[in-house]
Amino acid sequence: MSARTLPLLFLNLGGEMLYILDQRLRAQSIPGEKARKGERWGGRRARSLFVFAVMNDIITTMFNKKFMEELFKPQDLYSKKALRTVYDRLAHASIMRLNQASMDKLYDLMTMAFKYQVLLCPRPRDILLVTFNHLDAIKDFISDSPGILNQVDETFRRLIETYNCLSDGEFQLIRQTLLVFFQDMHIRVSIFLKDKVQNSNGHFVLPISGPVPWGTEVPGLIRIFNHKGVEVKRAEFTTAGNYVTPQREGSFELYGDRVLKLGTNMYSVTRPVETHTSGSSKNLASQAKENIAPNPLAKEELNFLARLLGGLDIQKPAGGETGFRLNLFTTDEEEEHAAQSRPEELSYKVINIEATQEPARRAELSRILGELDVAEPRPGSAEKGEDLLALMDGL
């Protein structure tokens, strides 16, 4: 497993999350009170300002300097449950709120989109270009906010400094680590089903034609060399696909043409993005039940999550503001039906802990995380971000 995979996984999934939220925020009506506040700019202007504010809050939290410093430290990937908790926090970093079913759907769309991009990468190193495409799009979201733009550019520079020097073998290990992370996830997405790139069982259909990886030749020719390295014979063969040579390599610099289109916003054209649990959900459910049992890495996962969440400065709604609820389904009825029909083992829970109810909440958190024997926080550990329970009390 590669110790350099986590930043790429987090940034690409985060980019997909922002694509989806932007599309849904623009499609869903602004609540009455917030719409009235923006009436003097006109309806469309009010909606744009509201979307801009929500996206700014999430992106500011996502690219927090301390958070990025912790994220880029070499470390192994941990459980899906731990990473999912981080995205729960990110998605609720503004006044926007998502119900359980909408958060499940959001995470399903994020993971399946990035899984497909990893599978389609012509060569392992191109995963970095996919990441750059996501960051380029994120910069467009906050183009009018120089301060946040600097945060994203700083992350860009970290990526270039960390990954441009890695060998092809190291990128292959990163790709394999990502594929292992995604291997049991087979959620059907309507966009992929309609484009016929995904089967009804949730597995992707990989193309056998198209551009070959940069630096390679179109298949169809065999060269034979003698012991001196001189070519002595050629033989041609017919291929099943239609291959083309790429015109140029994508740019790995801060600015430039990435050439590769993977990682760009597929929701820029309005169309439904329904998700359905595939036929393999029973297997997923049984695996999820197995994951509930305590495991020797549990405490290390909690420490990892504590370090990540230690950099997140989550803004809670001021005063009596309850937040704007975003629905990723067409109607509230669909959202409610999805929540009821989804196997309980496949759903995650957003955990909120109130300091005034500390003992009971701690017991509840332990139960949810699999009856883990979590030690009581040491003095000062909340400030250092070393204990998950004490840290989550402050979020």
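Which residue takes a positive phi in the hairpin of strand 4 and strand 5? Keep this question in mind as you go through the views below, which show a predicted model.

**View 1. The whole chain, to get your bearings.**
Start with the overall picture: the chain holds 16 helices and 8 strands. Of its 395 residues, 48% are buried. The accessible surface comes to about 20100 Å², and carbon and sulfur atoms hold 51% of that area. Now think about contacts with a separation of 6 or more: 78% of them link residues that are 24 or more positions apart.

**View 2. A hairpin made by strand 4 and strand 5.**
Here is the answer to the opening question: Gly-229 takes a positive phi near 85° in this hairpin. Between the two strands there are 5 residues. Strand 4 covers residues 221–225 and runs antiparallel to strand 5, with 5 bridges joining them. To see the pairing for yourself, find Ile-222, which stands opposite Ala-235 in strand 5. Strand 5 spans residues 231–236 and is hardly covered, since the count of buried residues among its 6 residues is 0.

**View 3. Two loop residues with positive phi that are not glycines.**
Gly-229 had a positive phi, but a residue need not be a glycine to have one here, as Lys-196 shows with a phi of about 60°. Look for Lys-196 in the loop between helix 10 (190–194) and strand 3 (210–211). Is Lys-196 buried or exposed? Its relative accessibility is 67%, and because the cut-off for exposed is over 50%, Lys-196 counts as exposed.
The other residue in this view is Val-259, again not a glycine, with a positive phi of about 65°. Val-259 sits in the loop between strand 6 (243–244) and strand 7 (275–277). With 31% relative accessibility, Val-259 counts as partly exposed.

**View 4. Helix 6 meets helix 9.**
Helix 6 (residues 100–120) and helix 9 (residues 168–182) have axes that come within 10 Å and cross at roughly 140°. How are the two helices oriented to each other? Only angles over 145 degrees count as roughly antiparallel, so helix 6 and helix 9 are oblique to each other. The crossing is left-handed. On the helix 6 side, the residues that meet helix 9 include Tyr-107, Phe-114 and Leu-119. Among their partners in helix 9 are Arg-175, Leu-178 and Phe-182.

**View 5. Helix 1 meets helix 7.**
In this view, the axes of helix 1 (residues 6–27) and helix 7 (residues 126–141) come within 9 Å and cross at roughly 40°. That angle makes helix 1 oblique to helix 7. Helix 1 and helix 7 also cross in a left-handed way. Try tracing the contacts: residues of helix 1 that take part include Leu-8, Leu-11, Gly-15, Tyr-19 and Asp-22. On the helix 7 side, look for Ile-127, Thr-131, His-134, Ile-138 and Phe-141, which are among the residues met.

**View 6. Thr-61 and Ala-91.**
Thr-61 belongs to helix 3 (residues 43–62). At 6% relative accessibility, Thr-61 counts as buried, because buried means under 20%. How many residues apart along the chain are Thr-61 and Ala-91? They are 30 residues apart, and their C-alpha atoms are separated by 9.7 Å.

Methods
Residues numbered from 1 in each chain as written. Predicted model: local features only at pLDDT ≥ 70, side-chain atom pairs only at ≥ 80, totals over all residues. Heavy atoms only, no water. Buried < 20%, exposed > 50% of the residue type's maximum accessible area, 1.4 Å probe, protein only. Helix = DSSP H or I, 4+ residues; strand = E, 2+ residues; numbered from the N terminus. Pairing = 2+ DSSP bridges. Contact = heavy atoms within 4.5 Å. Areas by Shrake-Rupley, 256 points an atom, 1.4 Å probe, with all protein chains shown as cover. Axes fitted to C-alpha atoms, helices over the stretch in contact; angles between N-to-C directions. Parallel < 35°, antiparallel > 145°, perpendicular 65-115°, else oblique. Left-handed = near helix turned anticlockwise from the far one by under 90°.
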